[in-house]
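Hi,

Here is the structure I said I would pass on. Have a look at it first, and my notes come right after.

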Amino acid sequence: MDGPLWFVRNLIVISIVFSFPLYYCLKYAGIPTLIALFVGALFGLCFADISVGSVFFFAWGAFCAIKKFDLFTNVSERTSRLFGLAILSTLLLKITFCVLKSPIEHYFNSLYIYTTVALIFGFLAPYIKKGVLKPMPFLASASFFIYAMHKPLQVIFRRYSFAILHPQSELLLCTLNILIPAIVIALCLLAFYIVKRYLPWLNFLNGFRM
């Protein structure tokens, strides 16, 4: 009923089925294993209805744990700049192939998504250590709540806004693309605050993270 929870389903299955094989592959052939999974993710491969993309992100986190590499503390400024360059490069490739209306554009879209998700924390690490960026504990604790709650609200707001406004212009479509998620996130945060402040017995809704 709540579509985004496919993530939790995949995490449970991967933890049970892939933990031991991945551990040994990553311990003795870490980089080749990650590259193979990354390529499989780009081509949208699946195994028993579990995407290789899901396995890749699980393996990336496991690899960092096995090698004791913390993306928030072990990343130098030079490595951070390389991560940023990789993210920007894949974004430019995605835009280029999109503008050219290339039939292989979706591969570069996947390349951009996987590269950004895998490297964004390492890219931001030096700015966090310097205090330029400061984590917000309230948003961190609310992240899973937003993730689990946003989809039904987003569907409702999107359908009603399109039914009422009938957007045709690019300007209105772009505005709705920003405004609807902003409203949904704000409502999720408000609901989270109310539950945390006044209804603590609902703590289980957020995996006891409140």
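Below is what I found, starting with the cores and moving on to a helix pair and a loop residue. Keep in mind that this is a predicted model.

Cores first. The largest nonpolar core has 28 residues, and the members that touch the most others are L22, L34, L37, V55, F56 and W60. Four helices each put at least two residues into this core: α2 (19-42), α3 (52-66), α4 (77-99) and α5 (105-129). If you want one residue to click on, try F56: leaving out residues up to four places away in sequence, F56 touches L34, L37, F38, Y114 and A118. There is also a second, separate core of eleven residues, with F145, L153, C188 and A191 among them.

Next, the helix pair. How far apart are the axes of α2 and α5, and at what angle do the two helices pack? The axes are 9 Å apart and the angle is about 135°. Anything from 115 up to 145 degrees counts as oblique, so α2 and α5 are oblique to each other. The crossing of α2 past α5 is right-handed. On the α2 side the contact is made by F38, A41 and L42, while α5 brings Y107, S110, L111, Y114 and T115. Sorted by class, that contact has six nonpolar residues, two polar ones and no charged ones.

Last, the loop between α4 and α5, which is where I104 lies. I104 is partly exposed, at a relative accessible area of 38%. Its C-alpha atom is separated by 50 Å from that of L199, and the two residues are 95 apart along the chain.

Cheers

How values were computed:
Residues numbered from 1 in each chain as written. Predicted model: local features only at pLDDT ≥ 70, side-chain atom pairs only at ≥ 80, totals over all residues. Heavy atoms only, no water. Core = buried A, V, L, I, M, F, W, Y, C linked by side-chain atoms within 4.5 Å. Buried < 20%, exposed > 50% of the residue type's maximum accessible area, 1.4 Å probe, protein only. Contact = heavy atoms within 4.5 Å. Axes fitted to C-alpha atoms, helices over the stretch in contact; angles between N-to-C directions. Parallel < 35°, antiparallel > 145°, perpendicular 65-115°, else oblique. Left-handed = near helix turned anticlockwise from the far one by under 90°. Nonpolar A, V, L, I, M, F, W, Y, C, P; charged D, E, K, R; others polar.
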